[in-house]
There are 2 protein chains.
Amino acid sequence: MKEAEQAPIRALVVGAGAIGGFYGALLHGAGAEVSVVCRGEFDAVRERGYELASDRLGNRSFRPAQVLRSAGDYQGGAPDYLIVTLKVVEGLDRVALMRPAVGPHTVIVLIENGVEIEAEIAAAFPDNEVISALAFVQVSRTGPGRIRHFAFGDLNFGNYPSGVSERARRLAALLEAGGIRCPLTDKVAAARWQKALWNTVFNPISVLGGALDTAQILATAEGSAFVLEAMREVEAIAAATGHPLAPELAEQFIDATRKGPAYKTSMALDYENGRPMETEAIIGNVVRAAQREGVPAPRLASLYALLKMVERKSLPR
Amino acid sequence: MKEAEQAPIRALVVGAGAIGGFYGALLHGAGAEVSVVCRGEFDAVRERGYELASDRLGNRSFRPAQVLRSAGDYQGGAPDYLIVTLKVVEGLDRVALMRPAVGPHTVIVLIENGVEIEAEIAAAFPDNEVISALAFVQVSRTGPGRIRHFAFGDLNFGNYPSGVSERARRLAALLEAGGIRCPLTDKVAAARWQKALWNTVFNPISVLGGALDTAQILATAEGSAFVLEAMREVEAIAAATGHPLAPELAEQFIDATRKGPAYKTSMALDYENGRPMETEAIIGNVVRAAQREGVPAPRLASLYALLKMVERKSLPR
């Protein structure tokens with residue numbers, strides 16, 4: 001007689017593009033039952049699943065347990081983890097896309113860019129555990145269901161608004177079994193502000209300069225000085241929201257960026273490819289936090305105002 | 001026996017593009033002997049002269065007395081007026097281009113954009129009278145030696161650093177005989193700051209937003225608010241340099257711009273056409289004045305830093 005098996009952990013990835021497919025593949029590799037909601041590439045993914053090409057993790061392919069057009073089609077009860085890898089852009093109602101699959105015990109895992117992106121979700125699902133996660137990974141979609149992993153992969157997370165639950169640890173253990181590191185933090189909002197120190201400044205500048213890469217942004221003393229001044233504004237806002245950053249961090253970020261390979265930010269790539277940019281998550285929320293806290297942030301406000309003009313011009317309405 | 005004729009006033013236009021050709025045609029129409037230094041369109045202008053198409057002033061054509069590749073080729077003694085309509089851009093040595101034709105009695109007339117663009121010229125020619133002039137005109141080049149005049153035409157000027165000389169009045173009389181109005185001012189630097197209130201803000205924004213027109217810049221409440229905030233910085237700098245502006249001017253400018261037809265700034269047109277932009281004259285000098293006077297101008301500094309990045313990326317080196 002067969003021994004009783006522990007039921008596998010069930011994860012549903014909502015918004016399964018490059019990031020969602022990547023972490024889905026890792027969870028699958030660690031034995032989870034992974035399903036996906038993917039609208040754009042539904043047919044290809046249902047037919048062939050995902051193929052992940054990675055020098056560091058090896059090439060992997062996996063077929064999701066369920067490939068769905070909508071979270072409402074998910075079968076077999078609510079998932080243990082609802083992994084949300086949607087872009088945070090205007091006009092995309094994350095709550096509506098998630099709601100049909102959120103059960104009473106579902107942990108909601110937000111792997112998304114930006115600051116202060118969790119409150120809306122926590123308010124919509126007040127009884128659910130919310131994990132807020134920061135992906136440090138370079139992946140891109142190379143075709144339908146095809147993902148190329150270039151570098152990194154770590155997922156840094158903790159519960160929102162703070163703490164690290166047992167179920168967060170279990171998720172970390174799974175992902176680490178899948179091949180990456182998951183540093184846990186009981187202050188995930190502070191971690192988001194730390195990442196925002198870079199993102200809030202480099203992303204908008206890269207777009208406004210005409211899809212510049214990091215080397216072009218830092219090419220002159222004036223450019224580097226402007227980056228640092230704008231970062232000081234992010235620092236002041238983070239501190240006012242109760243998440244002070246180490247004062248040396250800004251210069252360390254600039255230095256590391258200068259020494260690293262030149263690359264284009266996610267926002268510059270979205271801009272070049274005519275895709276919606278995560279303007280609100282990446283800088284709008286930061287500027288609003290500044291206003292709320294009464295912190296002057298004229299450089300960030302300038303970047304935001306200009307970006308809204310670019311967005312209005314370049315995107316179809 | 002023929003009566004003694006007064007010798008005509010001799011004017012040499014250096015940098016005879018649309019603006020230079022336009023004012024040259026007016027001076028010619030008023031009886032001045034007008035010569036031009038034009039390098040790009042030398043052959044066409046030597047052969048056929050200028051044709052000015054204007055609904056308001058009528059179509060006019062004129063053949064310059066001398067068409068030159070260099071001011072050093074000017075014959076017959078130094079001109080009475082050296083009309084400088086060069087763009088103020090890095091790498092263009094205005095002094096060197098003017099010097100060969102500047103005689104001891106030559107009045108130098110700068111019809112150029114920007115603020116604080118006269119000091120370099122006054123320092124190079126300390127014994128010459130310098131007139132600083134602001135053109136309120138919409139003209140464009142439609143072909144070699146062909147200029148279309150769309151609207152306005154007034155030339156507002158006075159002596160640099162201040163005052164209105166007899167020779168300034170004589171020039172105004174000539175140009176007014178040619179068909180436009182020339183309001184004279186004994187505070188031309190203040191007039192430049194007044195014009196800068198609009199130029200310093202709308203020009204850079206139009207480029208950074210992706211070659212926006214004025215309507216696109218002012219399309220949202222946030223965009224208009226940003227324009228106003230940036231204008232307040234120009235105001236503070238102008239006041240610190242001793243040229244306070246009327247506080248209602250900024251809102252009047254925005255209002256007039258909103259009510260007028262949508263159009264693209266000169267800087268946006270330069271940007272779209274891959275031509276050098278007048279970044280330093282239009283905003284660099286304003287930001288430097290702010291630094292010199294200790295006036296905070298973070299929005300203008302942001303615009304300037306971004307513009308320098310755009311410039312570096314978009315222009316060949």
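**Note on the sheet of chain B and the two copies**

1. Start at one residue pair. The bridge partner of B:Glu51 in β9(B) is B:Arg146. The model is predicted. Strands β3(B) and β9(B) run parallel here, and 4 bridges join them.

2. Which residues of β3 lie on its covered face, and which on the uncovered one? Strand β3 of chain B spans residues 50–54. B:Tyr50, B:Leu52 and B:Ser54 make up the covered face. B:Glu51 and B:Ala53 make up the uncovered face. The general rule is that side chains in a regular strand alternate between the two faces of the sheet.

3. Now take the other neighbour of β3. Strands β3(B) and β4(B) are antiparallel, with 3 bridges between them. B:Leu52, a residue of the covered face, has B:Arg60 as its bridge partner in β4(B). The two strands form a hairpin with 5 residues between them. In this hairpin B:Gly58 has a positive phi near 85°.

4. Step back to the whole sheet. It is open and has 9 strands, in the order β4-β3-β9-β8-β7-β6-β1-β2-β5 of chain B. The pairing is mixed. The edge strands are β4 (60–62) and β5 (67–68) of chain B, and each pairs on one side only. In general, strands of a sheet pair through backbone hydrogen bonds, either parallel or antiparallel.

5. How do β2 and β5 run at the other edge, parallel or antiparallel? Strand β2 (residues 33–37) of chain B and β5(B) are parallel, joined by 2 bridges. B:Val37 has B:Leu68 as its bridge partner in β5(B).

6. Next, the helices on the sheet. Helix α5 of chain B, residues 166–178, lies across β4, β6 (81–84), β7 (107–111), β8 (130–143) and β9 (146–159) of chain B. Helix α5 runs at about 155° to β9(B). Helix α6, residues 188–208 of chain B, also packs on the sheet. Helix α6 touches β7, β8 and β9 of chain B, and its direction makes about 40° with that of β8(B).

7. On chain A there is a record to note. UniProt, in an unreviewed entry, lists residues 12–161 of chain A as "domain: Ketopantoate reductase N-terminal". Over residues 12–161 chain A is 20% helix and 37% strand. The end C-alpha atoms of this stretch are 22 Å apart.

8. Finally, the two copies. A turn of 180° and a shift of 0.0 Å along the axis lay chain B on chain A with an RMSD of 0.0 Å. The copies are therefore related as by a two-fold rotation axis. Of the interface residues of chain B, 100% are also interface residues in chain A, so the copies meet through the same surface.

Notes
Residues numbered from 1 in each chain as written. Chains lettered and ligands numbered in written order. Predicted model: local features only at pLDDT ≥ 70, side-chain atom pairs only at ≥ 80, totals over all residues. Heavy atoms only, no water. UniProt positions renumbered as here; feature names shortened; annotations may be inferred. Pairing = 2+ DSSP bridges. Contact = heavy atoms within 4.5 Å. Axes fitted to C-alpha atoms, helices over the stretch in contact; angles between N-to-C directions. Buried < 20%, exposed > 50% of the residue type's maximum accessible area, 1.4 Å probe, protein only. Least-squares fit on C-alpha atoms with pLDDT ≥ 70 in both.
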